[in-house]
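Visitor: I would like a close look at a single part of this protein. Could you pick one spot and walk me through its surroundings?

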Amino acid sequence: KPLEETYQFWRNLSGLPLFMKHLKTVTEVDKKKSIWIARLPWKIGKLLWEAEITAEQVNRLIEWQSVENSVINNSGSVHFKDAGKFGTEIQVRIYYAAEVCQVNWPHN
């Protein structure tokens, strides 16, 4: 797809669950902030966090980061490059890190 169309597809954050199957929804709160809901493996639940776009260059770059005190540390970036007759080249980096839960079992 052409550069502008590819960029707009990614910039419409609510469309990310169309191809990122672990995401249930992404709801845009405003031009920078969004609420993400991800499915946990084996249908054991879901995670919800808020993120904000930290850098943006139209048709070139989108970067985001989860807000402070989120249940999950999520960040990422998408770089866009015109690939001529081949459409658009994209480079995606996504990082997730959840808090580790510790369970204290009774000692015998």
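**A close look at Thr88**

Guide: Happy to! The protein's secondary structure amounts to 1 helix and 6 strands, and along the sequence these run in the order α-β-β-β-β-β-β. Please keep in mind that this is a predicted model. Let's settle on Thr88, which sits in strand E6 (residues 88-98).

Is Thr88 buried or exposed? Its relative accessible area is 17%, and because the cut-off for buried is under 20%, Thr88 counts as buried. For the protein as a whole, 32% of the 108 residues are buried.

Now look at what the Thr88 side chain meets. A polar atom of that side chain lies 2.8 Å from the backbone oxygen of Lys1. The side chain of Thr88 also reaches the backbone oxygen of Pro2, at 3.3 Å. Setting aside neighbours within four places in sequence, the contacts of Thr88 are Lys1, Pro2, Leu3, Thr6, Phe80, Lys81 and Ala83.

Phe80 is a good place to continue. In the largest nonpolar core, which has 19 residues, Phe80 is among those touching the most other members, together with Leu16, Leu23, Trp36, Trp49 and Ile62. Helix H1 (3-11) and strand E5 (72-82) are among the elements that each supply at least two residues of this core, while E3 gives the largest share, 4 residues.

From there you can move on to Trp36: beyond its neighbours within four places in sequence, Trp36 has contacts including Leu16, Leu23, Trp49 and Trp64.

How values were computed: Residues are numbered from 1 along each chain as its sequence is written. This is a predicted model: local features need pLDDT of at least 70, side-chain atom pairs count only at pLDDT 80 or more; totals for chains, interfaces and linings use all residues. Side-chain values use heavy atoms; hydrogens and water are left out. A nonpolar core is a set of buried Ala, Val, Leu, Ile, Met, Phe, Trp, Tyr and Cys residues joined through side-chain atoms within 4.5 Å. Buried means under 20% relative accessible area, exposed over 50%, partly exposed in between (1.4 Å probe, protein chains only). Contact means heavy atoms within 4.5 Å. A polar contact is a pair of N or O atoms within 3.5 Å; within protein, one must be able to donate a hydrogen and the other to accept it, and residues adjacent in sequence count only if both atoms are side-chain atoms.
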